Amino acid sequence: MVNFEEIVEKAKKFRDTLTKEDFLEFYGYYRQATEGDCNIEEPEDEEEKARYNAWKSKAGLTLEDAKAHYIEVYKKLAAKYE
């Protein structure tokens, strides 16, 4: 079975081709999986705010659940982007 760190490395291969929506879904789960609930102030910059909101929307997920969701998103998007 693949682990979270391996999937993160695989996902980097197609990160630059993701739609903004797909990137933000990945990003939110990644930050939740690696740092837990969002712990920063809401930024002013629109792009940074989109990332902030993607992460904040995953609040309450455990690190393990966030990792599992990240892997599921990878599986869903890998077919589309690899």
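**Helix crossing and salt bridges**

Tutor: In this predicted model, the axes of helix H2 (residues 20–35) and helix H3 (residues 46–56) come within 8 Å and cross at roughly 55 degrees. Axes are lines fitted to C-alpha atoms, for helices over the stretch in contact, with angles from 0 to 180 degrees between N-to-C directions. Helices are DSSP runs of H or I with at least four residues, numbered from the N terminus.

Student: What do you call H2 and H3 relative to each other, then?

Tutor: They're oblique to each other; under 35 degrees counts as roughly parallel, over 145 as roughly antiparallel, 65 to 115 as roughly perpendicular and the rest as oblique.

Student: Any ground rules for the numbers?

Tutor: Local features need pLDDT of at least 70 and side-chain atom pairs 80 or more, while totals for chains, interfaces and linings use all residues. Residues count from 1 along each chain as its sequence is written, and side-chain values use heavy atoms, leaving out hydrogens and water.

Student: Switching topic: how many salt bridges are there?

Tutor: The structure holds 8, each being a side-chain nitrogen of Lys or Arg within 4 Å of a carboxyl oxygen of Asp or Glu. In one of them, Lys76 pairs with Glu25 at 3.5 Å, N to O.

Student: Where do Lys76 and Glu25 sit?

Tutor: Lys76 is in helix H4 (residues 63–81) and Glu25 in helix H2, so the pair ties together parts 51 residues apart in sequence.

Student: And Glu64, is that exposed or buried?

Tutor: Glu64 is exposed, at 56% relative accessible area (buried is under 20%, exposed over 50%, partly exposed in between, with a 1.4 Å probe and protein chains only). Glu64 also forms a salt bridge with Lys67, at 3.9 Å between the closest N and O atoms.

Key
Helix = DSSP H or I, 4+ residues; strand = E, 2+ residues; numbered from the N terminus.
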